[in-house]
Amino acid sequence: MTWTTADIPDQTGRKILITGANSGLGEEAALALGAAGAEVILACRTVSKAEPVAARIGAGASITELDLADLSSVQACAERTGPIDVLINNAGVMAVPEARTAEGYEMQFGTNHLGHFALTGLLLPKISDRVVTMSSSMHQIGKINLEDPNYRERRYSRWPAYGQSKLANLLFGYELAARLRASGSSVKSIVAHPGYAATELQSHTDSIWDRFMGIGNLAAQSAADGALPGLYAATSPQARSGAFYGPTKFGGMRGAPGPAKSNKRSHDELVAAGLWDLSESLTGVHYAFSGAER
């Protein structure tokens with residue numbers, strides 16, 4: 001399969017909100033979607049950092065403030081947002097030192113999963129086409145601890161915590177697709193991952209890992225190439241709800257986007273249901289589906 005930004009269908013008349021669109025994969029996705037004619041909403045924690053990206057896109061771009069580590073900010077962002085066609089849950093933190101969100105949740109689980117879970121639930125009645133959630137190949141090292149997802153009782157370790165958050169993204173994306181399907185909704189839920197792409201995430205761990213990953217970035221694909229699976233999931237008529245897309249070469253590390261495989265834990269329906277219930281409890285956001293639920 002060969003698919004590039006030249007294959008993005010005309011996006012004129014479509015409105016797309018992207019979280020974390022001020023740099024890296026989000027920036028590249030925003031630029032590509034803007035070039036294809038979409039009206040792009042850059043949802044970012046620091047508005048000033050998004051302004052240069054919006055300027056490059058032009059009149060089709062707008063900026064809204066969003067701090068996924070603060071559920072009051074998520075609520076305010078959702079209230080400001082009108083009808084949209086696509087939500088791309090892209091923002092995230094990776095392998096950071098132990099820290100807490102405004103609500104006291106572990107930063108990676110709270111930002112990467114809970115913030116996006118809350119935002120999606122609040123925006124779902126306003127979404128006409130699809131939700132795209134970005135995960136990572138690092139979901140392979142993740143395990144969901146439903147008893148202690150926020151590392152209150154166990155010792156914090158940055159990489160297992162990151163893996164847990166990325167596995168949570170997959171479980172959420174799959175479960176959302178199943179619940180939308182069961183309710184009779186035409187809205188899609190699709191998950192994607194960028195492979196190994198050189199972005200700013202690799203320099204924000206505040207540890208020796210920044211240096212190692214900086215060296216690794218020499219062999220990584222560009223952020224523009226890493227954005228392709230998410231763009232495919234967000235725009236292609238062939239992208240299926242409940243599917244997972246990523247690079248198709250070198251073990252899923254780079255290459256053109258296509259179907260990807262996720263591990264057995266990502267398909268555990270009991271864990272997915274438990275994570276869903278826990279996420280609703282922790283965020284206070286309860287999804288409203290019409291018709292039957294899964």
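Student: What makes Glu-27 and Arg-56 a salt bridge?

Tutor: A salt bridge requires a side-chain nitrogen of Lys or Arg within 4 Å of a carboxyl oxygen of Asp or Glu. The side chains of Glu-27 and Arg-56 meet at 3.3 Å, N to O, so the pair satisfies that definition. This is a predicted model, in which local features need pLDDT of at least 70 and side-chain atom pairs count only at pLDDT 80 or more, while totals for chains, interfaces and linings use all residues. Residues are numbered from 1 along each chain as its sequence is written, and side-chain values use heavy atoms, with hydrogens and water left out.

Student: Why is Arg-56 called exposed or buried?

Tutor: Buried means under 20% relative accessible area, exposed over 50%, and partly exposed in between (1.4 Å probe, protein chains only). Arg-56 has a relative accessible area of 60%, so the residue is exposed. Its partner Glu-27, at 18%, counts as buried.

Student: How do you know whether Cys-77 is in a disulfide?

Tutor: A disulfide is a pair of cysteine sulfur atoms within 2.5 Å. The closest cysteine sulfur to that of Cys-77 belongs to Cys-44 and lies 9.7 Å away, which is too far for a bond. By this rule the structure has zero disulfides.

Student: What accessibility do these two cysteines have?

Tutor: Cys-44 has a relative accessible area of 1% and is therefore buried. Cys-77, at 0%, also counts as buried.
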